[in-house]
Amino acid sequence: MMRRKKEDALLTRETILDAALKVFSRNGYALSTLEDIAKEAKVTRGAIYWHFENKVEIYAALVGERSSKAFALFSEIINNKSSPLDKLRQLLIQPLIYIQENAEYRAILKLTTFKTEVTEEMIPFVQKKVENNRILTGYFVKIVEEGRIAGEIRQDVDPEVEALIILGFLNGILLLWLTDEAAFSPKQQAEIIIETFLRGLMPE
């Protein structure tokens with residue numbers, strides 16, 4: 001009986017998060033209320049308060065938990081035994097394909113990019129974005145340095161400058177597709193887009 005109650009509680013929690021994603025995506029974070037989420041989830045406000053203290057906590061759980069698989073993908077690529085250039089190639093190609101294939105993560109990115117107003121309560125999430133960008137930049141610096149040593153990347157490339165260029169390119173191409181999904185197909189065109197970009201790093 002206790003196990004069943006725990007399973008039911010977990011199911012209710014996931015239902016609330018599913019509903020929150022729909023409501024936030026439809027109304028924007030600032031204009032969404034707990035009443036909206038409860039109505040979408042078909043639960044009482046009491047059920048929401050059983051699992052979450054407030055709307056911010058729902059947002060934090062939603063973005064954090066529903067982004068975990070994408071972060072795991074990055075981690076898997078970073079830790080694999082591929083050559084530096086191939087590792088960089090996969091770090092640029094796979095996120096594009098993953099976003100096209102994973103509707104939920106695509107919705108999370110659209111929520112955080114287009115539907116989250118920067119208010120005081122959102123400052124910690126902005127700071128987290130900055131932190132994640134710096135971590136990713138650090139990975140790119142290391143990969144470019146390793147690529148230079150391996151002879152896969154030109155010796156005149158500055159790793160720190162190039163890491164910023166790579167991050168800007170990745171963020172830009174992701175934003176382009178999130179804004180206009182008809183612009184290109186990541187599954188069909190990501191490889192040629194990334195290969196064209198990487199040619200600028202390779203020795204002649």
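A search of the whole structure, which is a predicted model, finds 6 aromatic pairs. One of them joins phenylalanine 24 and tyrosine 59, a tilted pair with 6.0 Å from centre to centre and 55° between the planes. The two rings come from distant parts of the chain: phenylalanine 24 is in helix H1 (residues 2–27), tyrosine 59 is in helix H4 (residues 55–66), and they are 35 residues apart. The points below cover the aromatic rings, the salt bridges, helix H5 and two single residues.

**Aromatic rings**

- Is phenylalanine 24 buried or exposed? Phenylalanine 24 has a relative accessible area of 0%, so it counts as buried.
- Tyrosine 59 is also buried, at a relative accessible area of 2%.
- Tyrosine 59 has a second ring partner, phenylalanine 125, with the ring centres 4.9 Å apart. The planes of these two rings stand at 80°, and the cut-off for edge-to-face is over 60 degrees, so the pair is edge-to-face.
- This second pair again links distant parts of the chain, with tyrosine 59 in helix H4 and phenylalanine 125 in helix H8, 66 residues apart.
- Phenylalanine 125 is partly exposed, with a relative accessible area of 23%.
- Phe24, Tyr29, Tyr59 and Phe125 belong to one aromatic cluster.
- A charge is found at one ring of this cluster: the charged end of lysine 55 sits over the ring of tyrosine 29, 4.2 Å from the ring centre.

**Salt bridges**

- How many salt bridges are there? The count comes to 14.
- Glutamate 65 and arginine 13 meet through their side chains in a salt bridge, at 2.7 Å from N to O. Glutamate 65 belongs to helix H4 and arginine 13 to helix H1, so this bridge ties together parts that are 52 residues apart in sequence.
- Within that pair, glutamate 65 is partly exposed at 34% relative accessibility, while arginine 13 is buried at 19%. The cut-off for buried is under 20% relative accessible area, which is why arginine 13 at 19% falls into that class.
- Arginine 45 and glutamate 35 form another salt bridge, and their closest N and O atoms are 2.4 Å apart. Arginine 45 is in helix H3 and glutamate 35 is in helix H2, so the bridge ties together parts 10 residues apart in sequence.
- Both ends of that bridge are partly exposed: arginine 45 has 33% relative accessibility, and glutamate 35 has a relative accessible area of 41%.
- Arginine 89 forms a salt bridge with glutamate 195, where the closest N and O atoms are 2.3 Å apart. Since arginine 89 lies in helix H6 and glutamate 195 in helix H10 (residues 186–199), the bridge ties together parts that are 106 residues apart in sequence.
- Arginine 89 is buried, with a relative accessible area of 15%.
- Salt bridges with shared partners join Arg13, Glu14, Asp18, Glu65, Arg66 and Glu104 into one network.

**Helix H5**

- Which residues of helix H5 (residues 68–78) are buried? They are Ala70, Leu73, Phe74, Ile77 and Ile78. These residues cover an arc of only 130° around the axis, and therefore they lie on the same side of H5.
- Lys69 and Glu76 are exposed residues on the face of H5 turned away from its buried side.
- The buried residues of H5 are covered by parts of the structure that include helix H6 (84–101), helix H7 (103–114), helix H8 (123–150) and helix H9 (159–179).

**Two single residues**

- Lysine 42 lies in the loop between helix H2 (34–41) and helix H3 (45–51).
- Lysine 42 is not a glycine, yet its phi is positive, at about 60°. Most residues other than glycine have a negative phi.
- Lysine 42 is exposed, because its relative accessibility is 74% and the cut-off for exposed is over 50%.
- Arginine 106 is placed in helix H7 and is buried, with a relative accessible area of 16%.
- What does arginine 106 contact, leaving aside its neighbours within four places in sequence? Arginine 106 is in contact with Ile99, Gln100, Glu101, Trp177, Leu178 and Glu181.

Note on methods. Residues numbered from 1 in each chain as written. Predicted model: local features only at pLDDT ≥ 70, side-chain atom pairs only at ≥ 80, totals over all residues. Heavy atoms only, no water. Buried < 20%, exposed > 50% of the residue type's maximum accessible area, 1.4 Å probe, protein only. Helix = DSSP H or I, 4+ residues; strand = E, 2+ residues; numbered from the N terminus. Arc of directions from axis to C-beta. Contact = heavy atoms within 4.5 Å. Phe/Tyr/Trp six-rings, centres within 6.5 Å; stacked < 30°, edge-to-face > 60°. Lys NZ or Arg CZ within 6 Å of the ring centre and 35° of its normal. Salt bridge = Lys/Arg side-chain N within 4 Å of Asp/Glu carboxyl O.
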